[in-house]
Amino acid sequence: MDLRITGRPLSLLLWLLLPWASLCAQREVSTFNDGWKFLRSDAAEVMNVSYDDSAWERISLPHSWNTDAYTEKAYYQGKAWYRKQFTLPAAYQDKQLYLKFEAASKAATVYINGQEVGEHRGGYTAFTLDITPYCSTSAPIRSPYV
């Protein structure tokens, strides 16, 4: 048996192992659309993790809060807040976590536990943020999003 480490046999070996390697890289995708709260107002104290959001409207995503723009001349054009509290399972410890929004209006800033994770500008387009450094499996996570 002739095993060479250089040249064509190695490239053939890598080409044959490539599909197997992608099977080892597992990815889990979960829906995060239910259980959100919504406030159609701008309130600076919302950034406080202990802010009382019990009176906020309960919604699921996707959600449009400015549909009155099509029926009224004097429609609301200010900020709005979306918020969700969740706890990560212990199995997510040491995993890379991304949060994907399938669409956001003109501008969105995402916060987790009072820290800005990132922002998005661009009408009704998707964006993804790496939320790994902001998450912990040992405490609830609060994510105000404007």
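This report walks through the fold of one predicted protein model, from the whole chain down to single residues.

Because the model is predicted, local features are described only where pLDDT is at least 70, and side-chain atom pairs count only at pLDDT 80 or more, while totals for chains, interfaces and linings use all residues. Residues are numbered from 1 along each chain as its sequence is written, and side-chain values use heavy atoms, with hydrogens and water left out.

**The whole chain**

Let's start with the big picture. The protein chain has 1 helix and 9 strands. Here helices (H or I, at least four residues) and strands (E, at least two) are DSSP runs, numbered from the N terminus. Follow the sequence along and you get α-β-β-β-β-β-β-β-β-β.

How much of the chain is buried? Of its 146 residues, 27% are buried. Buried means under 20% relative accessible area, exposed means over 50%, and partly exposed is in between (1.4 Å probe, protein chains only). The accessible surface of the protein chain is about 10,600 Å², and carbon and sulfur atoms supply 54% of that; these areas come from the Shrake-Rupley method with a 1.4 Å probe, and for residues only the protein chains shown count as cover.

Next, contacts, meaning heavy atoms within 4.5 Å. Among contacts in the protein chain with a separation of 6 or more, 63% are between residues 24 or more positions apart.

**A sheet and a hairpin**

Which strands make up the open sheet? There are 3 of them, in the order β2-β1-β3, with antiparallel pairing. Two strands pair if DSSP finds at least two bridges between them. β2 (57-59) and β3 (81-83) are the edge strands with a single partner each, so one side of each has no neighbour in the sheet. From one strand to the next, the twist averages 35°; the axes behind that angle are lines fitted to C-alpha atoms (for helices, over the stretch in contact), and angles run from 0 to 180 degrees between N-to-C directions.

Look at β1 (residues 36-39): 3 bridges tie this strand to β3, and the two run antiparallel. Across from L39 you'll find W81 in β3.

Further along, β6 and β7 make a hairpin with 2 residues between them. The antiparallel link from β6 to β7 (residues 115-121) has 6 bridges, and T109 has E119 in β7 as its bridge partner.

**Two nonpolar cores**

In soluble globular proteins, nonpolar side chains tend to be buried together. A nonpolar core is a set of buried Ala, Val, Leu, Ile, Met, Phe, Trp, Tyr and Cys residues joined through side-chain atoms within 4.5 Å. The largest one has 21 residues, and L88, F127, I131 and C135 touch the most other members. β1, β5 (98-104), β6 (107-112) and β8 (125-130) are the elements that each give two or more residues to this core. A second, separate core has 6 residues, including L39, A43, V46 and W81.

**Residues worth a look**

Is D53 buried or exposed? D53 is buried, because its relative accessible area is 15%. You'll find D53 in the loop between β1 and β2. Its side chain makes a polar contact of 3.1 Å with that of K37. (A polar contact is a pair of N or O atoms within 3.5 Å; within protein, one must be able to donate a hydrogen and the other to accept it, and residues adjacent in sequence count only if both atoms are side-chain atoms.) Not counting residues up to four places away in sequence, D53 touches K37 and R83.

S143 sits in the segment after β9 (141-142) and is buried, at 3% relative accessible area. S143 and Y82 are 61 residues apart in sequence, yet their C-alpha atoms are 8.0 Å apart in space. Setting aside neighbours within four places, the contacts of S143 include W36, Y82, F86 and Y111.

Now for some backbone oddities. Most residues other than glycine have a negative phi, and most peptide bonds are trans. Here are two residues with a positive phi, neither of them a glycine:

| Residue | Phi | Loop | Relative accessibility |
|---|---|---|---|
| D94 | about 70° | between β4 (85-86) and β5 | 75%, exposed |
| N113 | about 50° | between β6 and β7 | 28%, partly exposed |

Where is the cis peptide bond from L61 to P62? P62 is in the loop between β2 and β3, and omega for that bond is near 0°.
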